[in-house]
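Me: I would like a close look at a single part of this protein. Please start with the aromatic rings and work outward from there.

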Amino acid sequence: MGALGRAARPPYLRIAAELRDRIASGELRPGDRIPSTRGITREWGVAMATASKALAVLRQEGLVRAVPGVGTVVDAPGTESGAVRTRASRRGGRRRAAAPPLTRERVVRTAVAVADAHGSAALSMRAVATALGVSTTVLYRHVSAKDELVELMADAVFGDVALPAPAPADWRGRLEASARAQWALYRRHPWLVKALSFTRSPLPGNVSALMEWSVAPARDGGVDAGRARYAAVTVAGCVRGLAMGMEDEAPAGRDGRAAGFALDSLFAFGLARMLDGLGTVAWYRG
């Protein structure tokens, strides 16, 4: 194909072709990590969605596979990893290491690893199945659809929140600790912003538990339960709103700056002003 033909192709196909050439030439060898979606955005200057589509093409061709906790690695036909699997299959699996049982928790944790490594655009039932080394049909025995999987992912990472001990005993300290825990989650899992909605009912179990924890001192002080939840959801929504777009920012932006602001400083400033405002509401003072 001539230069004009190559230029006419969509950017994601051009990127996939260049990575395919690197694999074919041996520049990228079996087991080598290929550029992540974030690496592709830096190298080719494209959006995250374009980078995700390029990697999806290579996965569909069987040239690469996602490895939880590692990233996307070369797995072209005839590679060492493929040969090992083929030999094990021919020997009746005698030398194949026993895989851990496939459980819903393992499916969810693998999906989290895929989204962490490649972003929400790359998350699909097929991508998770590929990372687990199973068929998509098998995956549906554990989760009914992608929407359910995403909700389970959000619930799982909220369950990982490390809350301060002892917990702040005042309403302001408790809401601030909850907000900071949520901000840290968005930093670790940028895809979470698009996976979560605080206006949808019911909230996932661990999300709801954090909301209840955040308003316990206010409720103990006599604040109406409904109004206390309004305060918690308002704070959570503002934290999520500030984190929105973090996944699509350039890596340098996610690491500290966006639109001229230091994100962590902007978060701290906004949170303090919101808590100041809640403190002026008669029904919330204690």
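Reply: In this predicted model, the structure holds one aromatic pair. Its members are Trp 183 and Phe 267, with ring centres 4.6 Å apart and planes at 5°, so the pair counts as stacked. The cut-off for stacking is planes under 30 degrees apart. The pair links distant parts of the chain. Trp 183 belongs to helix α10, while Phe 267 belongs to helix α15, which covers residues 263-279. In sequence, 84 residues separate them. Both Trp 183 and Phe 267 are buried.

Two arginines also sit over rings. Arg 174 lies over the face of Trp 213, at 4.6 Å from the ring centre. The charged end of Arg 273 is placed over the ring of Phe 269, 5.1 Å from the centre of that ring.

Trp 213 leads to helix α12, where it is one of the buried residues. Helix α12 runs over residues 205-220 and has 16 residues. From first C-alpha to last, α12 reaches 22 Å, close to the 22 Å expected at 1.5 Å a residue. Even so, α12 has a kink of about 40° at Ser 214. The kink comes shortly before the proline Pro 217. Both Ser 214 and Pro 217 are buried. The other buried residues of α12 include Val 207, Leu 210, Met 211, Val 215 and Ala 218.

What covers this buried set? The cover includes α9 (146-158), α10 (171-188) and α13 (225-243). Helix α10 also holds Trp 183 of the stacked pair. After α12 comes Gly 222, with a positive phi near 100°.

Now step back to the protein chain. It has 15 helices and four strands. Of its 286 residues, 41% are buried. Take the contacts between residues at least 6 apart in sequence: 66% of them join residues at least 24 apart. The accessible surface of the chain comes to about 14800 Å², and carbon and sulfur atoms account for 53% of that.

One more buried site is worth a look. Ser 52 lies in helix α4, residues 48-60. Its relative accessibility is 3%, so Ser 52 counts as buried; the cut-off is under 20%. Leaving aside neighbours within four places in sequence, Ser 52 is in contact with Thr 37, Arg 59, His 118, Ala 121 and Ala 122.

Key:
Residues are numbered from 1 along each chain as its sequence is written. This is a predicted model: local features need pLDDT of at least 70, side-chain atom pairs count only at pLDDT 80 or more; totals for chains, interfaces and linings use all residues. Side-chain values use heavy atoms; hydrogens and water are left out. Helices (H or I, at least four residues) and strands (E, at least two) are DSSP runs, numbered from the N terminus. Buried means under 20% relative accessible area, exposed over 50%, partly exposed in between (1.4 Å probe, protein chains only). Contact means heavy atoms within 4.5 Å. The expected span of a helix is 1.5 Å times one less than its number of residues. The bend at a residue is the angle between axes fitted to the seven residues ending there and the seven starting there. Accessible areas come from the Shrake-Rupley method with a 1.4 Å probe; for residues, only the protein chains shown count as cover. Rings of Phe, Tyr and Trp (its six-membered ring) pair if their centres lie within 6.5 Å; planes under 30 degrees apart count as stacked, over 60 as edge-to-face and the rest as tilted. A charge sits over a ring if NZ of Lys or CZ of Arg is within 6 Å of the ring centre and within 35 degrees of the ring normal.
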